[in-house]
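Please open the model in your viewer and keep the sequence panel visible. The tour below proposes one selection after another and describes what is found at each stop.

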Amino acid sequence: MITIAEQLPEDIGAIDRILDKAFGPAREDKTSYAYRLGIQPTDDLSFVARDEDGIVGTLRFWPVYIGNDAISALLLGPLGVAPKRQNAGIGKALMNHGHRAAKKLGHSAVLLVGDRDYYKNFGYSSASAHAIIMPGEGPSRLLCRELTPGALDGVNGTIMRADAVHVISSRQDRA
Ligand SMILES: CC(C)(COP(=O)(O)OP(=O)(O)OC[C@H]1O[C@@H](n2cnc3c(N)ncnc32)[C@H](O)[C@@H]1OP(=O)(O)O)[C@@H](O)C(=O)NCCC(=O)NCCS
C-alpha cells in the first residue's frame, strides 16, 4: 500500500537515488535547479510516497518570486517516481496531496518546468500566457497553476530565486 508522508531528514539519500534514476545524473544542470540549489524547500511541503519496501516517490516545492513586484509563488519539483513503480498512480497521489497541502498553507500559485501533457491533468497551463519567464527555459515547458482563483491575474515578469529578492530589498534600503 502506498502512503504519502512528510519527508524526513534521513530520506534524502533514497530521494536522490530515485531522482538520479528518473531524470539521470545530470539533472542538477537543468534550469529549474538554479532556483533550488542553496535554497531550502518551502516549509511543510516536502513529501515522499512509501510502500512496504521504502520510498518510491518524491515531491517538493520551493519558494520563488515573480516579476518586479516580487509576487510570491511556489516552484514545484522535482516530482519523481521510482522507475519500477511508474504509471501506478503514485505521481498523481503526490501531486494531489501536495496541492491540497500548499493550498491549506495559504500559497496561491505554483510554477513548474515539465511535460505539459502530464501536468495539464492537474490544472497546469503555459506560463507564457501570463508573460512569466524563466531565463534559459523555453516557454513550452514552463507551466503554472493558480491555487487561489485570480492569483496570477496581472502577474508577469521573470522568476527569481528566493534569495534574489532579499538582495533587491537591500539595494533599495541602501538607495
Ligand atoms: C512523470 C512521473 C512523475 C509520473 O508519475 P507516475 O506515478 O509514473 O504517473 P501516474 O501514475 O500519476 O500517471 C500515469 C499517467 O501519466 C502518463 N504520463 C506519465 N509520464 C508522462 C509524461 N511525461 N507526459 C505525459 N504523460 C505522462 C502515463 O502515460 C499515464 O497515463 P494514463 O493514466 O492515461 O495511462 C514519473 O513517471 C517519473 O518520475 N518519470 C520520470 C521523470 C520524467 O519523465 N518526467 C517527465 C515529466 S517532467
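In which strand does Val56 lie? Val56 lies in strand 3; helices (H or I, at least four residues) and strands (E, at least two) are DSSP runs, numbered from the N terminus. Before proceeding, please note that residues are numbered from 1 along each chain as its sequence is written. This is a predicted model, in which local features need pLDDT of at least 70 and side-chain atom pairs count only at pLDDT 80 or more, while totals for chains, interfaces and linings use all residues.

**Stop 1: Val56**

Select Val56 and display its surroundings. Val56 counts as buried because it has 23 C-beta neighbours inside 10 Å. The classes are set as follows: a residue is buried if 20 or more other C-beta atoms lie within 10 Å of its own, exposed if 12 or fewer, and partly exposed in between, with C-beta atoms placed from the backbone. Now add Val81, which is 25 residues from Val56 along the chain; their C-alpha atoms are separated by 5.8 Å. Val81 is also one of the contacts of Val56, and with neighbours within four places in sequence left aside, the others are Ala49, Arg50, Asp51, Ala82, Arg85 and Ile90. Two residues are in contact if their C-beta atoms, placed from the backbone, lie within 7 Å.

**Stop 2: the strands around strand 3**

Select strand 2 (46–51) and strand 3 (54–66). These two strands form a hairpin with two residues between them, and they pair in the antiparallel sense over six bridges. Strands pair if DSSP finds at least two bridges between them. Within this hairpin, Ala49 of strand 2 has Gly57 in strand 3 as its bridge partner.

Add strand 1 (residues 3–6), which runs antiparallel to strand 2 and is joined to it by four bridges; here Thr3 stands opposite Arg50. Then add strand 9 (residues 157–161), which three bridges join to strand 3 in an antiparallel arrangement. Val64 stands opposite Arg161 of strand 9. Strand 9 also runs parallel to strand 7, with two bridges between them, and Ile132 has Gly157 as its bridge partner. In a regular strand the side chains alternate between the two faces of the sheet.

**Stop 3: the largest nonpolar core**

Select Val64, Leu75, Val110, Leu111, Leu112 and Cys144, the residues with the most contacts inside the largest nonpolar core, which has 41 residues. Such a core is a set of buried Ala, Val, Leu, Ile, Met, Phe, Trp, Tyr and Cys residues joined through C-beta atoms within 7 Å. Among the elements that each supply at least two residues of this core are strand 4, helix 2, strand 5 (109–113) and strand 8 (142–146). Strand 3 gives the largest share, seven residues. Centre the view on Leu111: not counting residues up to four places away in sequence, Leu111 touches Val64, Ala73, Leu75, Ala127, Ile132, Cys144 and Ile159.

**Stop 4: the ligand shell**

Which residues come nearest to the ligand? Of the 16 residues around the ligand, these are Gln86, Gly91, Lys92, Gly114 and Asp117; a residue is near a molecule or strand if its C-beta atom, placed from the backbone, lies within 6 Å of it. Helix 1 (12–23), strand 4 (71–81), helix 2 (90–104) and helix 3 (116–119) each supply at least two residues of this shell. By class, the shell has seven nonpolar, six polar and three charged residues. Here Ala, Val, Leu, Ile, Met, Phe, Trp, Tyr, Cys and Pro count as nonpolar, Asp, Glu, Lys and Arg as charged, and the others, Gly among them, as polar.

**Stop 5: backbone details**

Select Gly77 and Pro78, which are joined by a cis peptide bond with omega of about -5 degrees. Pro78 is found in strand 4. Next select Asp44, in the loop between helix 1 and strand 2. Its phi is near 65 degrees, a positive value in a residue other than glycine. Asp44 counts as exposed because it has 12 C-beta neighbours inside 10 Å.

**Stop 6: confidence**

Finally, colour the model by pLDDT, the predictor's confidence in each residue, from 0 to 100. The protein averages a pLDDT of 94, and 94% of the residues score at least 70. Over residues 171–175, pLDDT stays under 50, and the model has zero contacts beyond four places in sequence for them. Where pLDDT is low, the predicted coordinates should not be read in detail.
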